[in-house]
Amino acid sequence: MTLTNTLTINSDVKLLQGVLNLGANTQYLAGGISVNAGGIIGNSLHTLELNGSALQIASFTAGTTFNQFNINSSSKVLMLGTSFSVSTLTAVAGAFELGGGTLTVSSMSVQSAATFVAYTGTLRGPAVIAGSMSVTGLIYDGNSTSGLQIVPGAVIGNFSTVTFRNTPASIPAVRFGIASGTYTLSGHVFDASVSSSNVDASA
């Protein structure tokens with residue numbers, strides 16, 4: 001099935017098998033989305049935006065790939081799966097929770113009105129946090145290209161017990177560009193691939 005026009009879908013979408021081509025336009029989803037083992041998201045140019053007012057669950061089978069995935073919610077989007085990838089993930093508003101599995105991104109941005117939450121799972125690839133965050137128990141994998149950036153305006157609710165791995169030696173595993181103050185970091189682990197300059201607190 002191919003969606004050629006922009007649609008707003010108010011209920012859940014379940015792709016059990018076959019290919020769903022989202023088209024080149026932005027598709028708006030107020031409910032949840034699940035992609036089963038027989039389903040494939042097609043079209044490399046698509047944009048999917050989750051903009052519901054209640055909890056939205058995005059559940060993906062291994063290997064599901066999205067181009068542009070936007071979160072613009074007045075509630076929360078819970079992302080579940082074993083391994084899935086997004087070229088560009090942008091959280092504009094609402095809470096975005098990684099509920100397990102491995103999320104691989106080419107670019108991830110959590111903007112000032114959004115919150116990133118993770119108590120499990122692996123985030124793989126470059127990520128910039130400008131909103132709020134509550135993170136503990138996450139594995140952050142730089143995918144040999146980047147570190148985690150926490151930039152001006154970010155609000156740290158909790159940031160503990162993160163395992164950092166596969167970040168280039170020339171780039172800090174985590175960079176804080178936030179306002180001066182006292183922040184507590186506890187239980188973090190840096191693997192052998194990470195440089196000695198693990199943390200950069202320069203603004």
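Helices (H or I, at least four residues) and strands (E, at least two) are DSSP runs, numbered from the N terminus. With that in hand, Phe84 has its place in strand β8 (residues 83-98). This is a predicted model, in which local features need pLDDT of at least 70 and side-chain atom pairs count only at pLDDT 80 or more, while totals for chains, interfaces and linings use all residues. Residues are numbered from 1 along each chain as its sequence is written, and side-chain values use heavy atoms, with hydrogens and water left out.

Back to Phe84: its relative accessible area is 3%, and buried means under 20%, exposed over 50%, partly exposed in between (1.4 Å probe, protein chains only). Phe84 is therefore buried. Its C-alpha atom sits 8.9 Å from that of Val105, 21 residues apart along the chain.

Here are two residues and their contacts (heavy atoms within 4.5 Å), leaving aside neighbours within four places in sequence.

| Residue | In contact with |
|---|---|
| Phe84 | Phe60, Thr64, Met79, Leu98, Gly100, Thr102, Leu103, Thr104 |
| Met108 | Leu89, Phe96, Phe116, Leu123, Pro126, Ala127, Val128, Ile129 |

Met108 also turns up in the largest nonpolar core, a set of buried Ala, Val, Leu, Ile, Met, Phe, Trp, Tyr and Cys residues joined through side-chain atoms within 4.5 Å. That core has 44 residues, and Phe69, Leu103, Met108, Phe116, Leu123 and Phe159 touch the most other members. Strand β9 (residues 102-118) gives the most to this core, with seven residues.

Now for strand β5 (residues 47-50). Thr47 and Glu49 point one way, Leu48 and Leu50 the other, and all are buried. In a regular strand the side chains alternate between the two faces of the sheet. Two strands pair if DSSP finds at least two bridges between them. Strand β3 (residues 26-29) pairs with β5 in the parallel sense over four bridges, and Thr26 has Thr47 as its bridge partner. Strand β7 (residues 64-81) also runs parallel to β5, joined by four bridges, with Asn70 of β7 opposite Glu49.

Last, the empty space. A cavity is a set of points on a 1 Å grid over the protein atoms alone where a 1.4 Å probe fits but cannot get out, and its lining residues have an atom within 4 Å of a point. Grid points are joined across faces, edges and corners, and a volume is the space filled by probe spheres set on the points. The count is one cavity of 30 Å³ or more, and the largest holds about 30 Å³. Its lining is Phe116, Leu123, Met133, Val135, Leu138, Leu148 and Phe159.

Notes:
On a 1 Å grid over the protein atoms alone, a cavity is a set of points where a 1.4 Å probe fits but cannot get out, and a pocket is an open set with protein on both sides within 12 Å along at least five of seven lines; lining residues have an atom within 4 Å of a point.
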